[in-house]
Amino acid sequence: KEKLKDTPKDQPIMTYCTGGIRCVKVGAYLTQELGFKNVSRLAGGIIAYDRTLNEKAAEEEPLFKGTNYVFDGRVGRQITNDALGECVTCGSNTNLLSNCANDNCHKRMVQCQSCRSSFIGTCSDACKQRVLIARKKGGAIEENTGSAELQKDTNENVMTYRNLDDYSEGHSTPPPSFFHEIELNTRAFLPSGSHMVSGASQGKLLTQLASMTREGRILELGTFTGYATASFLEGAVNAGDITGYDGPMGSREGGPFVMTIERDSRAIDIAAAHLEVMSRLGTGEEAAEEACALRSESTKVPELDADSIVFPYKNIASCEIVRATDALANIEQMAFGDGQNIPAPFDLVFVDADKTRLLDYVEACVGSDGRSEER
């Protein structure tokens with residue numbers, strides 16, 4: 001109000017914000033309270049501007065530089081590579097935004113990747129020690145940036161890890177934001193089973209294993225909300241790229257292909273929503289935005305009744321979700337060639353289904369002469 005007190009009431013005023021909502025409120029204040037007559041706003045905010053630019057003028061230089069702060073688990077959406085921020089820890093230039101992993105602090109900050117890893121997502125030594133103490137006592141920490149415990153012996157500080165997951169997270173590049181949105185959606189839609197999500201370390205391992213297969217052909221028993229499925233699909237494409245696959249898009253008949261079997265209808269709906277986004281947009285920031293939007297009140301996850309849903313990916317691989325009442329029966333049918341449209345042999349089978357019948361699944365997968373191949 002003080003800054004605009006001498007501004008003519010007919011002076012054009014243009015407003016913009018993250019998603020356009022705050023601009024509506026600001027515009028109302030400028031016109032109704034301050035009496036300005038020529039107020040406009042950027043419809044949809046920087047989020048819509050970025051999307052429109054990518055869709056209609058991808059070669060045009062964005063007028064917005066750096067990272068756009070967003071109000072979801074990603075915290076920041078990178079628009080350009082300009083590192084306009086200064087790391088709160090070391091002072092180097094960076095464009096990464098985050099919140100301190102110490103829930104009692106939760107400070108919004110700019111922090112480079114190196115400091116984010118060494119400080120396990122916290123803003124200071126004090127917050128780092130607080131997080132380490134909480135983890136040692138079994139406290140829940142949401143930030144997946146590693147959980148090393150710092151111990152002091154008689155000679156020097158020694159970094160140790162409680163388990164292999166902690167070590168892997170501390171020394172791995174974080175997965176794309178899309179995968180974090182799958183975790184958040186699982187907590188929102190299936191909270192009682194959210195602990196079953198594969199997570200960053202396991203997801204990275206599954207992608208790596210799939211990438212090392214002969215043809216990128218994966219069978220998954222137990223889709224849940226699609227985190228592991230999406231990880232396998234990335235690996236299937238990698239396998240196709242590595243081997244120089246140039247045939248038709250992978251399917252049941254051959255080529256890079258992920259078949260995943262699930263019996264829970266709600267889980268199928270959520271997994272399908274995630275894979276549909278991934279099929280169109282990959283796993284980048286735009287995909288993360290659409291996955292995040294699934295939690296909004298205006299968006300409803302479609303309820304599906306099809307027995308099979310197929311999603312193409314990057315013109316190399318495809319993923320098929322199969323609805324089953326008894327996954328073991330499906331596996332036995334495929335293994336012994338009893339039925340139509342039996343898929344070509346798989347390179348890797350991931351059993352994440354009924355734990356009481358694990359041995360039965362294994363025997364069905366490898367015990368037949370007709371469908372098993374040594375890979």
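This briefing walks through a predicted protein model, from the whole chain down to a handful of individual residues. The protein chain is built with 12 helices and 15 strands. It has 375 residues, and 45% of them count as buried. Keep the structure open and click on each residue as you go.

**The whole chain**

- Take the contacts between residues at least 6 apart in sequence: 62% of them join residues at least 24 apart.
- The surface that the chain exposes comes to about 20,200 Å², with carbon and sulfur atoms supplying 50% of it.

**T229, tucked into a helix**

- Look for T229 in helix α8, which covers residues 227-243.
- Is T229 buried or exposed? Its relative accessibility is 0%, and anything under 20% counts as buried, so T229 is buried.
- The side chain of T229 has a polar contact with the side chain of E220, at 2.6 Å.
- Setting aside residues up to four places away in sequence, T229 touches E220, T223, V258, T260, L275 and C319.

**Q111, a buried loop residue**

- Q111 sits in the loop between β8 (108-110) and α3 (113-118).
- Don't let the word "loop" fool you: Q111 has 0% relative accessibility, so it counts as buried.
- Which residues does the side chain of Q111 reach with its polar groups? One partner is the side chain of T89, in a polar contact of 2.9 Å. Another is the backbone oxygen of T122, reached at 2.9 Å.
- Beyond four places in sequence, the residues that Q111 touches include C87, V88, L96, R116, F119 and C123.
- Q111 and G91 are 20 residues apart in sequence, while their C-alpha atoms are 8.6 Å apart in space.

**L190, another loop residue**

- L190 belongs to the loop between α6 (177-189) and α7 (199-211).
- With a relative accessible area of 17%, L190 falls under the 20% cut-off, so it is buried.
- Along the sequence, L190 and T225 are 35 residues apart; in space, they are 8.8 Å apart, C-alpha to C-alpha.
- T225 is also among the contacts of L190 once neighbours within four places are left aside, together with N185, F224, R266, A267 and I270.

**Aromatic rings**

- A pair of aromatic rings is described by two things: how far apart the centres are, and the angle of the planes.
- How many aromatic pairs are there? The count comes to four.
- One pair to find is F257 with F346: the rings are stacked, 6.4 Å centre to centre, with 20 degrees between the planes.
- F257 is in strand β12 (residues 257-262) and F346 is in the loop between α11 (327-335) and β15 (348-351), so this pair ties together parts that are 89 residues apart in sequence.
- F257 and F346 are both buried.
- Elsewhere, F178, F179 and Y227 are linked into a cluster by ring pairs.

**Charges over rings**

- R108 lies over the face of Y69, and the distance to the ring centre is 4.8 Å.
- K128 does likewise with F119, at 5.6 Å from the ring centre.

**Cysteines**

- A disulfide is a covalent bond that joins the sulfur atoms of two cysteines.
- How many disulfides turn up in a search of the whole structure? The search finds zero.
- Why is C90 not in a disulfide? Its nearest cysteine sulfur belongs to C115 and is 3.7 Å away, whereas a disulfide needs the two sulfur atoms to be within 2.5 Å.
- C90 has 47% relative accessibility, so it counts as partly exposed.

**Two loop residues with positive phi**

- K314 and N315 are both in the loop between β13 (308-313) and β14 (317-323).
- For K314, phi is near 55 degrees, a positive value in a residue other than glycine.
- For N315, phi is near 60 degrees, again a positive value in a residue other than glycine.
- Are K314 and N315 buried or exposed? K314 is partly exposed, with a relative accessible area of 48%. N315 has 71% relative accessibility, and over 50% counts as exposed, so N315 is exposed.

Notes: Residues are numbered from 1 along each chain as its sequence is written. This is a predicted model: local features need pLDDT of at least 70, side-chain atom pairs count only at pLDDT 80 or more; totals for chains, interfaces and linings use all residues. Side-chain values use heavy atoms; hydrogens and water are left out. Helices (H or I, at least four residues) and strands (E, at least two) are DSSP runs, numbered from the N terminus. Buried means under 20% relative accessible area, exposed over 50%, partly exposed in between (1.4 Å probe, protein chains only). A polar contact is a pair of N or O atoms within 3.5 Å; within protein, one must be able to donate a hydrogen and the other to accept it, and residues adjacent in sequence count only if both atoms are side-chain atoms. Contact means heavy atoms within 4.5 Å. Rings of Phe, Tyr and Trp (its six-membered ring) pair if their centres lie within 6.5 Å; planes under 30 degrees apart count as stacked, over 60 as edge-to-face and the rest as tilted. A charge sits over a ring if NZ of Lys or CZ of Arg is within 6 Å of the ring centre and within 35 degrees of the ring normal. Accessible areas come from the Shrake-Rupley method with a 1.4 Å probe; for residues, only the protein chains shown count as cover.
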